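Here are three short exercises on burial and salt bridges, each with a worked solution. Have a look at the model first, then try each task before reading on.

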Amino acid sequence: MRNWSGIHTSEDARNIAKRRLPWMVFDYFDGAAGAGHGDLLNQQAIRDMRLQTRVLVDVEKRNIGKSILGIDAKVPFGISPMGMCNLACPGADLMLARYAAKYNIPHGASTAASTSLERIGKEANGHAWFQLYFGGNQEVSDSLLDRAEAAGYETLIFTVDVPEVGRRPRELRHGFKMPFKIGPRQFIDFALHPHWSISSLIAGAPTLANFDNNGAFDRTASRAGVNWDFLDRIRQRWKGKLVVKGVLHEGDAKQLVAHGVDAIQVSSHGGRQLESVAEPIHALARIRTALGDDFPLIYDSGLRTGEDICKAYAMGADFVMLGRPLLFAMAAGGEKGLHQLCDVLSQEVSIALAQMGLNDISQVDSSVLL
Ligand SMILES: Cc1cc2nc3c(=O)[nH]c(=O)nc-3n(C[C@H](O)[C@H](O)[C@H](O)COP(=O)(O)O)c2cc1C
């Protein structure tokens, strides 16, 4: 594919997105807990890991496809659930869904999505996994699960690392709220980013589309009462596969296995919850050791390049999910931007495999780390 969009790395996508998006939206996407050190330290920890090269291996044929929970993905990454993706550009949720359908990869459809779970499910053609946030109201979460089941979802991601929403000062400074509250500061912000503002005006301001009335879901609500009994209730209710997302402790991981979950997503929520969080990439290795080789582990947080993706596999992931880079790619170049970045990441993985003397991403294990 011709690289018309200027996206040669995920950092390129971020830089273009930074120019195009209103400050409020860029800081909602890019922000993390506190001053963002937790997020940056994890990215640094991944960057600091070294891969071992090997020579004179025939690596002409290389496979970057990976299987997870019965899916044969054609690329070695999926789409982590993210709320309000249509803030990147109109139609972003469905761009992700189409990409998931084309490449056979999981697409986390968030409770806080800006497109209904039914529309995402249809467009993703069976590849969407519904992500549940418990919003404090049992009836609301029961009805979301009923809808997900009726829409044919087979896998549920239950996110458990948001007992309270992390303090993200970059969001707070801009007064980021759903639905938008437009004061003088936001007005200036939108006026200075006319391309985004006009296209969003024409398409209609993004809303929390899983709820008739934006007010039925408060993304900042406390979920502090959610406990193991609640998990058991979900496990009994949801007949499909259950992934629990946001786990960083080996003891929690072992308990989750005992409670019958099908997979664990090791994640720090991209550093958005606790600034002093231990690097999730290291938690991944500890949890892999604690659970042994066979239990399905998915990883997200801080992956920015194909080499990063290989490192997560080397640390014990069975599959990885991406967050912010996909939003930035769509903000930078719409659907073409998304495909461009995903092609770049796929090429980076393939080239890293060649350098490591491997023919298949499934061969990546701890032996490639120095
Ligand atoms: C803008 C934004 C919205 C998010 N919304 C959700 C969400 O609704 N549910 C959820 O489980 N995780 C959510 N996440 C966290 C992602 O699923 C993922 O854990 C994180 O973005 C991965 O880190 P990365 O952005 O460094 O790749 C969100 C992340 C971002 C950046």
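**Exercise 1. Is helix α2 (residues 23-30) enclosed or open, and what covers its buried residues?**

Step 1. Helices here are DSSP runs of H or I with at least four residues, numbered from the N terminus. Buried means under 20% relative accessible area, exposed over 50%, and partly exposed in between, with a 1.4 Å probe and protein chains only.

Step 2. Of the 8 residues in α2, 7 are buried, so this helix is largely enclosed by the rest of the structure. The buried ones are M24, V25, F26, D27, Y28, F29 and D30.

Step 3. Now look for the cover, taking contact as heavy atoms within 4.5 Å. It includes α1 (10-20), α7 (169-174), α8 (184-191), α9 (194-203) and α14 (324-356).

A word on the ground rules: this is a predicted model, in which local features need pLDDT of at least 70 and side-chain atom pairs count only at pLDDT 80 or more, while totals for chains, interfaces and linings use all residues. Residues are numbered from 1 along each chain as its sequence is written, and side-chain values use heavy atoms, with hydrogens and water left out.

**Exercise 2. Find the buried residues of α8 and the exposed residues on the face turned away from them.**

Step 1. Q186, D189 and F190 are the buried residues of α8. They span an arc of only 95° around the axis (taken from the directions from the helix axis to the C-beta atoms), which places them on the same side of α8.

Step 2. A reminder helps here: an α-helix has 3.6 residues a turn, so residues three or four places apart point the same way.

Step 3. On the face turned away from the buried side, α8 carries the exposed residues P184, F187 and A191. The cover over the buried residues of α8 includes α2, α7 and α9.

**Exercise 3. Which residue forms a salt bridge with D27, and which with R324?**

Step 1. Count a salt bridge when a side-chain nitrogen of Lys or Arg lies within 4 Å of a carboxyl oxygen of Asp or Glu. This rule gives 16 salt bridges.

Step 2. D27 pairs with R170, with the closest N and O atoms 2.7 Å apart. The pair links helix α2 to helix α7 across 143 residues. D27 counts as buried at 13% relative accessibility, whereas R170 is partly exposed at 27%.

Step 3. R324 pairs with D39 at 3.9 Å between the closest N and O atoms. R324 lies in α14 and D39 in α3 (residues 37-48), so this pair ties together parts 285 residues apart in sequence. Both R324 and D39 are buried.

Methods:
Helices (H or I, at least four residues) and strands (E, at least two) are DSSP runs, numbered from the N terminus.
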